[in-house]
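User: I'd like to practise reading a fold from its parts. Could you walk me through a few features, one at a time?

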Amino acid sequence: MMIGKVYLVGSGPGDPELLTIKAKRLIESAEVILYDQLPGKAILDMLPASAERIDVGKYAGDHKLSQWQINELLVKRAKEGKLVVRLKGGDPYLFGRGGEEAQVLVREGIEVEVVPGITSAIAVPAYAGIPITHRDYASMVTFITGHEDPTKEETGLDWELLARFEGTLVILMGVSMLESNVKELLKHGKSIDTPVAVIEKGTRPDQRVTVGTLADIVGLCKQRNVRAPAITVIGDVVKLHRELVKH
């Protein structure tokens, strides 16, 4: 039997008009689509009825399938000769476990192709009027995951280094860890006056932005009942939000 092919497709940050032409074409022609909720309702509503659609989402306290089960399912459907799309929010290789899935598929002798997506780490701040680099404010940017592997014995994040970092910090998937992350930055000397923005459901019609500083952002987010999915931006570029977005 002929072995199929798996496409690791990035769906972008949520606005369906930010899907790449290639991503849209592959979604429309897929025989099997494995997805979670990160692409957002507008994109998930576009999934063709002709495809086998499998929700493999990980939700707070409720993982429909473990990562190894997702890997097994990708392998199984590909070995059935199917054209498989693994649909991911943002870009598959930026904190999306796309690299892990690609490794498994290659080891199984299955052809895999990555279709990059517009990462929410850049697009979401942009929609909120925050360029993550700017000649007057930041010439460097670093991306941080808010969800490290829980099996790690210790964090892979160097908070002392991050506190000294003079560029923009962008934290993905970090709502539940916001208070802890802020404490780490302050503990290692980051100024309490450092501007912070937390952007919920970025690029979507119900996008919401909460702006403060390291001194008050945790309290503001609690008051406003901020929920995932959200991106946290830390640095002076956040000052541009009020100038570049109409209120």
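User: Let's start with a helix. Which residues in helix 1 are buried?

Analyst: Keep in mind that we're looking at a predicted model. In helix 1, the buried residues are A23, L26 and I27. As for the general idea, an α-helix has 3.6 residues a turn, so residues three or four places apart point the same way. In our case, looking down the axis of helix 1, the buried residues sit within an arc of 100°, so they line one face of the helix.

User: And what covers the buried residues of helix 1?

Analyst: The cover includes strand 1 (5-10), strand 2 (32-35), strand 6 and strand 7.

User: Now salt bridges. How many are there by the distance rule?

Analyst: The rule asks for a Lys or Arg side-chain nitrogen within 4 Å of a carboxyl oxygen of Asp or Glu. That gives 19 salt bridges here. Take K22 and E113, whose side chains meet at 2.5 Å, N to O. K22 belongs to helix 1 (residues 21-29) and E113 to strand 7 (residues 111-115), so this pair ties together parts that are 91 residues apart in sequence.

User: Are K22 and E113 buried or exposed?

Analyst: In between, actually. K22 has a relative accessible area of 33%, so we call it partly exposed. E113 comes out at 22%, which makes it partly exposed as well.

User: Where would I look for a salt bridge with buried partners?

Analyst: Try E101 and R86, which form a salt bridge at 3.3 Å, N to O. E101 is in helix 4 (residues 98-107) and R86 in strand 6 (residues 83-88), so to speak distant parts of the chain, 15 residues apart. Buried means under 20% relative accessible area. With 1% relative accessibility, E101 counts as buried, and R86 does too, at 3%.

User: Which residues are joined into one network by salt bridges that share partners?

Analyst: That network takes in E52, K76, R77, E80 and K82. One of the salt bridges you can check is E80 to K76, with the closest N and O atoms 3.0 Å apart. E80 is partly exposed, at a relative accessible area of 32%, and K76 is also partly exposed, at 46%.

User: On to sheets. In what order do the strands of the five-stranded sheet lie?

Analyst: When you read a sheet, write down the strand order, then look for the edges. The order here is 8-9-12-10-11, in an open sheet with mixed pairing. Strand 8 (141-145) and strand 11 (208-213) are the edge strands, each pairing on one side only. On average, neighbouring strands of this sheet are turned by 20° against each other, ignoring direction.

User: How many bridges join strand 10 to strand 12?

Analyst: Five, and strand 10 (residues 195-200) runs antiparallel to strand 12. As an example, V196 has I234 of strand 12 as its bridge partner.

User: Which helix lies across strand 12?

Analyst: Helix 5 (residues 120-127) does, at about 80° to strand 12. Helix 5 also lies across strand 8, strand 9 (168-172) and strand 10.

User: Last one: what is T232 in contact with, beyond its neighbours within four places in sequence?

Analyst: Find T232 in strand 12 (residues 230-234). Its contacts, leaving those neighbours aside, are L169, V170, I171, L178, V196, A197 and V198. T232 is at 2% relative accessibility, so it counts as buried.

Note on methods: Residues numbered from 1 in each chain as written. Predicted model: local features only at pLDDT ≥ 70, side-chain atom pairs only at ≥ 80, totals over all residues. Heavy atoms only, no water. Helix = DSSP H or I, 4+ residues; strand = E, 2+ residues; numbered from the N terminus. Buried < 20%, exposed > 50% of the residue type's maximum accessible area, 1.4 Å probe, protein only. Contact = heavy atoms within 4.5 Å. Pairing = 2+ DSSP bridges. Axes fitted to C-alpha atoms, helices over the stretch in contact; angles between N-to-C directions. Arc of directions from axis to C-beta.
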